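Colleague: Please take me through the model shown below, one question at a time, and explain each term when it comes up.

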There are 2 protein chains.
Amino acid sequence: MTGYVRELALAARAAQRQIATCSAVQRQALLEAMAVQLLDSQASILVANAQDMGQAAANGASKATLDRLLLDPARIAGMASALREVAAQADPLGAVTRSETRPNGVVVERQRIPLGLVAMIFEARPNVTAEAAALCLKAGNAVLLRGGSEAAASNAAIAACLHAALRAQGLPEAAVSLVADTAREHVLELLQLSDLIDLAVPRGGESLIRFVAEHARVPVIKHYKGVCHLYVDRAADLDTALALLIDGKVSRPGVCNALETLLVHREVAAAFLPKALAALKARQVQVRGDAGVRTFDATLPDATEADFDAEFLDLIIAAKVVESLDAAIAHIHRYTSDHTEVIVTEDAAAAEAFVRAIRSSAVMVNASSRFNDGGQLGLGAEIGISTTRLHAYGPMGVEALTIERFVVRGQGQVRHPDLQG
Amino acid sequence: MTGYVRELALAARAAQRQIATCSAVQRQALLEAMAVQLLDSQASILVANAQDMGQAAANGASKATLDRLLLDPARIAGMASALREVAAQADPLGAVTRSETRPNGVVVERQRIPLGLVAMIFEARPNVTAEAAALCLKAGNAVLLRGGSEAAASNAAIAACLHAALRAQGLPEAAVSLVADTAREHVLELLQLSDLIDLAVPRGGESLIRFVAEHARVPVIKHYKGVCHLYVDRAADLDTALALLIDGKVSRPGVCNALETLLVHREVAAAFLPKALAALKARQVQVRGDAGVRTFDATLPDATEADFDAEFLDLIIAAKVVESLDAAIAHIHRYTSDHTEVIVTEDAAAAEAFVRAIRSSAVMVNASSRFNDGGQLGLGAEIGISTTRLHAYGPMGVEALTIERFVVRGQGQVRHPDLQG
């Protein structure tokens, strides 16, 4: 089996040359053709997905996994519309982002070029196949897709649509290469291909990310867990605090930008916590509180160290009363996963101190943690939310799949004219 | 010994918080104070360096190593002046690089923050200690410095100056942490500290870079070899071509932006090569030629596959006659190290085709490969020249030691208002 992924990667790299030299118009047309193919192939995609769903159910997959795996006409339409959104974005390639004439007359330009070959390693969500391919192609890259075995039939059906669109545009199918054999050893092989793969992006549960980080010889941008904090400052508007708490915890508890920990300044605890605990209870949220929180409801379970470290991905929240803004910041520094932190305050100085001290990928001032998302932040779509403080931090869109390089234009300038003649 | 580097890294991370919250004025003053300390401590630095030089000579170090290791008053002055140049640069931190108001009224800002803790792993050059520290501190980072054992005394003497300046400014010495025990096992330990180190930058020979790439669990930006090509197009100005050839090969053959391969279009071979071969010979450059080159001088050694793959770092160049621009591009694609490639041409279309096809960190049109350097390209100084197409590509200055993150400012906006009330 050795070399199976290498062969795929070599073909993808060769195909990338052609994608990189396509015009912006061609790449846009390609993505629009892919959207049309997905919609036209809805029936066959649904058949393939039903096969995956049946197998997963038979294997005892969790409700959450089945939900991530499921495709229906609305989700297929959603994929097509994401492709069209990416297609419509400004083209990131070739543009000169900066230009400077040096004292010796050479013009130094910075110019965006594709990364090259991007490998996506993901789990149950088949929509990643289409969306990651679209983002990579828009940025002139080829993509190697290794989805989870549970979504194998769905991913193959979606990839068939993408390939049909590539063929119709006279472009090589290998620009979107699916690692169809989902054996774990092929992931290991992929992670060693440092001469062929420019970036690997793992998306999925903690164990997948850890596996990739441990074995990778290729550059990796981690899309890791979100232990997101909401801090209610002593100068908070308490109605705003309650609204952000409910939105952050309840609107979609299974995602990485959901809230996991509530921190409340001691001075507003009595005014805020009784209302907040009641509102959470009314929405079936279990609160695990420290001693300060439990003075308002002694029936709550104690929050342990592990609770403050947890990404519950469920209707559970850890809560704590803090003595000060600094204590809130210290708590966050200790437990943060560098994803998203929120402060609720009407005190501009407190907000700025929080923003300055916190170095997570997104800091929200009086806004919901759920806004840490490519679509919400104006990127159009995202390949994931980076928690690696390198290359890209936070949601990664098309631009994050490019790199700036230098182009120097001269009229024969040299560094050591004395060596000439 | 286990935990030795972890303890250093923990202290450096704690110190980084203080550096990150310094004002721009404080960080500038710190770097200027470091420059003064270096100049004031010249005598003790020279004593330490003489000790390293004596040890290295006794160990039979190469002339190139001894040259890299040597400090003299001019080189110490050079270090001090590099520190002042970095000090004087625009502050990279805190500035809002982009800002957009979304339809729901939240303001989405991008803001530069430090990477955190940067580890430099380098070999004989003691000036890296001062320059890497300056760049990292300017960008609000702490730095962990692991220099080569051959420069241990010099590095310790330089670090003592940097620490004195930190102390004088009331800042923690640990912001610049030297891994004083240079045992190889400590490099291995360093490379595992993925919870503490945000970026590792190896600078040195190929074997060091390979060792780091193989063992790292922390993010690495490789500063790898430069197999730089000069392509003389059929529409080249041949005087320009000759000047760029001599500058690129002769002005400093031991550095990564020196030329290693010459490619000449068949149509200008007869007009260019006899002059070029004579000029190279006059400067003691050995040419290894393919059959096309050897028609002009049959005494030249044959260029082998290994020669076209080699970073000679010496007065040697591989040379080849190519049939076309496309053949030159194909040769470069096969042998490039993604560092620097040069085209000499008066044909704008050929220049653009070359720029478009080549994806090295710097492409030069009618300018010397030796300009791929942070100072020459206007960055002021550089921590190295990245050949990793991720985060930074080409010379890395202060800005490349920061990352953009998101700050969202709202008035209580939520994603799902229907969940409220």
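**From a hairpin to the contact between chains**

Colleague: In the hairpin of β1(B) and β2(B), which residue takes a positive phi?
Modeller: The hairpin has 5 residues between its strands, a strand being a DSSP run of E over at least two residues and a helix a run of H or I over at least four, both numbered from the N terminus. This is a predicted model, in which local features need pLDDT of at least 70 and side-chain atom pairs count only at pLDDT 80 or more, while totals for chains, interfaces and linings use all residues. Residues are numbered from 1 along each chain as its sequence is written, and chains are lettered from A and ligands numbered from 1 in the order in which they are written. The residue with the positive phi, near 95°, is G105(B).

Colleague: How many residues of β1(B) are buried?
Modeller: Strand β1(B), residues 96–101, runs antiparallel to β2(B), residues 107–114, and strands pair if DSSP finds at least two bridges between them. A residue is buried if 20 or more other C-beta atoms, placed from the backbone, lie within 10 Å of its own, exposed if 12 or fewer, and partly exposed in between. The strand β1(B) lies largely in the open, because of its 6 residues the number buried is 0.

Colleague: In β15(B), which residue is the bridge partner of Q111(B)?
Modeller: Within β2(B), Q111(B) is itself the bridge partner of V96(B). On to the next strand, β2(B) and β15(B) run antiparallel and are joined by 8 bridges. There the partner of Q111(B) is R405(B).

Colleague: Which element gives the most to the side of chain A that touches chain B?
Modeller: Residues are in contact if their C-beta atoms, placed from the backbone, lie within 7 Å, and by that rule 59 residues from chain A meet 59 residues from chain B. Several elements of chain A each supply at least two residues, among them β2, α9 and α15. The most, 11 residues, come from β15(A).

Colleague: In β12(B), which residue stands opposite V408(A)?
Modeller: The strand β15(A) pairs across the chains with β12(B), residues 362–367, in the parallel sense over 5 bridges. Opposite V408(A) in that partner strand stands M364(B).

Colleague: Within what arc do the buried residues of α15(A) fall?
Modeller: The buried residues are A350(A), A351(A), F354(A) and V355(A). They line one face of the helix, because, seen down its axis, they fall within a limited arc, taken from the directions from the helix axis to the C-beta atoms. On the other side, A348(A) and A349(A) are exposed, while the cover over the buried residues includes α14, β11 and β12 of chain A together with β15 of chain B. The arc is 135°.

Colleague: Which residue of chain A comes closest to the rotation axis?
Modeller: A rotation of 180° with 0.0 Å of shift along its axis superposes chain A on chain B, at an RMSD of 0.0 Å, so the two copies are related as by a two-fold rotation axis. Superposition is by least squares on the C-alpha atoms of residues with pLDDT of at least 70 in both copies. The copies meet through the same surface, because 100% of the interface residues of chain A are also interface residues in chain B. Closest to the axis, at 1.8 Å (C-alpha), comes H391(A).

Conventions
Two residues are in contact if their C-beta atoms, placed from the backbone, lie within 7 Å.
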